[in-house]
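Biologist: I am new to this structure and would like to learn how to read it feature by feature. Could we take it slowly, with the general idea before each case?

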Amino acid sequence: LAAAGVATPPHEVVRPAEATAAAARLEAAPRQGVVVSAGGRNGGADGVRWVGVEDAGETAATLVGAFEGARGPGLGLVRVASFVEGTPCSIGAFVTADGVAVLRPVENITLRRGRRLVYSGLSTVYDPPVAVRDEMEAAARRLGEELRRRVDYRGGFSIDGIVTPDSPGPLGSASPGGAWLATEVNTRMSGGFSAQPTGDGEPLLPLVQAALVDRLDDATLTAAAIEAVYRPVGEAVRSVRVARVIDAVPVGGPASVPVVVEGREVREADPEEEPHGTLMVGVAASGGVVLARLTDAARPLELGPPAAPLAAALLELADDLWDTGTSGLTPPDR
């Protein structure tokens, strides 16, 4: 990220014993704590905690102990970063033989229960401010070229980050529209790629990935060609994909209901209505899962604002219907 000139939250990588001191240096005004992260295995903020400065050291030691089986140069270390308020949002791209093909931004829906960060799905109904989106796309192009320069990279990658409500200006003022601070690079096809639709007859993105990695047809799979095929459909068809793992399938599950969105609220669809999609509870490897799949292909969804409030409403409805324990989650405080 640094080599590609991509802005990040202030952070330090330290040993657990140094985490409290690092947190004291990094906590930003107003005093909202810091984020401590270690090498998780399962994604979805598995190794990430939002804590107060006084809890940073104990949290760091706990995380390092929990992931002591992880591998890599970060073993035994944690990253302590300033907490940044805003909308978690990623951007995915493909490094091709001739350039970098950038797809549309994807909201990483992250709800909260107090200071617990609860990953809850993906959405493409969210539109970052135009200037922020332009910077996200430019950052993805720069980083893709850096991956190519360093390791002759091919295929998909994504940058996770946070769209802030306001960007800092001179003398502490703020300019409306926000900024984007990157938090992570995934050198693979991350979850955000699954939120990108494909048109009728177009290859699924995993097939594009396989062809790029194996360098099967560099003349056809150019950056311009990929963008020409997949960017328009990504703008035309938007979706909300909620996913929340629960301890077990509740009594009465698996089950599903068609749902309709009205603003930021959600309800069961009437029998004669065209639904936006389906809310369901089912079986997962770890017990159970609440899923929602909504699209505006047949019925409009509100575009522009973050989908996190809608995801919270869907999980609230699931709890009302099936006692899933997913109520009471709140969206980021913008």
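Biologist: Let me begin with a single residue: which residues does L317 touch, not counting residues up to four places away in sequence?

Modeller: Before the answer, please keep in mind that this is a predicted model. A list of contacts tells us what surrounds a residue, and leaving out its neighbours in sequence keeps the chain's own continuity from filling the list. For L317 that list consists of V259, V266, R267, E268 and L279. The residue itself sits in helix 6, and the C-alpha atoms of L317 and R113 are 17 Å apart although 204 residues separate them in sequence.

Biologist: Is L317 buried or exposed, and why?

Modeller: Relative accessibility is what decides this, and L317 counts as buried because its value is 12%, where the cut-off for buried is under 20%.

Biologist: How should I read a nonpolar core, and which of its members touch the most others in the largest one?

Modeller: The idea is to follow buried nonpolar side chains from one to the next and to see which of them are joined. Here the largest core has 29 residues, and those touching the most other members are L111, V240, V259, V266, L279, L294 and L314. At least two residues each come from strand 6 (100-113), strand 12 (239-246), strand 13 (255-262), strand 15 (277-284), strand 16 (287-295) and helix 6 (308-322). Helix 6 gives the most, with 10 residues. To see one member in its setting, take L314, which touches V242, V259, V266, L279, A292 and L294 once residues up to four places away are set aside. There is also a second, separate core of 21 residues, with C89, I91, A139 and A182 among them.

Biologist: What does the side chain of S123 reach?

Modeller: For a polar side chain, one looks for a partner atom as well as for the degree of burial. S123 belongs to strand 7 (residues 116-123), and it counts as buried because its relative accessibility is 0%. Its side chain reaches the backbone oxygen of S239 at 3.4 Å. Beyond its neighbours within four places in sequence, S123 is in contact with V106, E107, I109, S239, V240 and A307.

Biologist: What happens in the segment after helix 6, where T324 and G325 are found?

Modeller: Residues can be read one at a time, and these two give a useful pair. T324 is buried, since its relative accessible area is 10%, whereas G325 is exposed, since its value is 51%. The side chain of T324 joins that of T326 in a polar contact of 2.6 Å. With residues up to four places away left out, T324 touches I246, P250, V281, V290, L315, A318 and D319, while G325 touches R113 and D319. G325 also lies 9.1 Å from D247, C-alpha to C-alpha, with their positions 78 residues apart in sequence.

Biologist: How should I read a positive phi, and which residues could serve as cases?

Modeller: Most residues other than glycine have a negative phi. D152 has a positive phi of about 55° although it is not a glycine, and R215 likewise has a positive phi of about 55° without being a glycine. D152 is in the loop between helix 3 (130-151) and strand 8 (155-163), and R215 is in the loop between helix 4 (205-213) and helix 5 (223-236). D152 is partly exposed, because its relative accessible area is 37%, and R215 counts as partly exposed because its relative accessibility is 37%.

Biologist: How many cavities of 30 Å³ or more does a search of the whole structure find?

Modeller: A cavity is enclosed, whereas a pocket is open. The search finds one cavity of that size, and the largest cavity holds about 50 Å³ of space. Its lining consists of S90, I91, G92, L103, R104, V106, S158, S190, G192, F193 and Q196, with strand 5 (87-95) and strand 6 as the elements that give two or more residues. By class, that lining has four nonpolar, six polar and one charged.

Biologist: Turning to open spaces, which residues are closest to the centre of the second largest pocket?

Modeller: They are A28, A29, F83, V84 and E85, out of 15 lining residues. This pocket holds about 310 Å³ of space, and its lining comprises nine nonpolar, four polar and two charged residues.

Definitions and conventions
Residues are numbered from 1 along each chain as its sequence is written. This is a predicted model: local features need pLDDT of at least 70, side-chain atom pairs count only at pLDDT 80 or more; totals for chains, interfaces and linings use all residues. Side-chain values use heavy atoms; hydrogens and water are left out. A nonpolar core is a set of buried Ala, Val, Leu, Ile, Met, Phe, Trp, Tyr and Cys residues joined through side-chain atoms within 4.5 Å. Buried means under 20% relative accessible area, exposed over 50%, partly exposed in between (1.4 Å probe, protein chains only). Helices (H or I, at least four residues) and strands (E, at least two) are DSSP runs, numbered from the N terminus. Contact means heavy atoms within 4.5 Å. A polar contact is a pair of N or O atoms within 3.5 Å; within protein, one must be able to donate a hydrogen and the other to accept it, and residues adjacent in sequence count only if both atoms are side-chain atoms. On a 1 Å grid over the protein atoms alone, a cavity is a set of points where a 1.4 Å probe fits but cannot get out, and a pocket is an open set with protein on both sides within 12 Å along at least five of seven lines; lining residues have an atom within 4 Å of a point. Grid points are joined across faces, edges and corners, and a volume is the space filled by probe spheres set on the points. Ala, Val, Leu, Ile, Met, Phe, Trp, Tyr, Cys and Pro count as nonpolar, Asp, Glu, Lys and Arg as charged, and the others, Gly among them, as polar.
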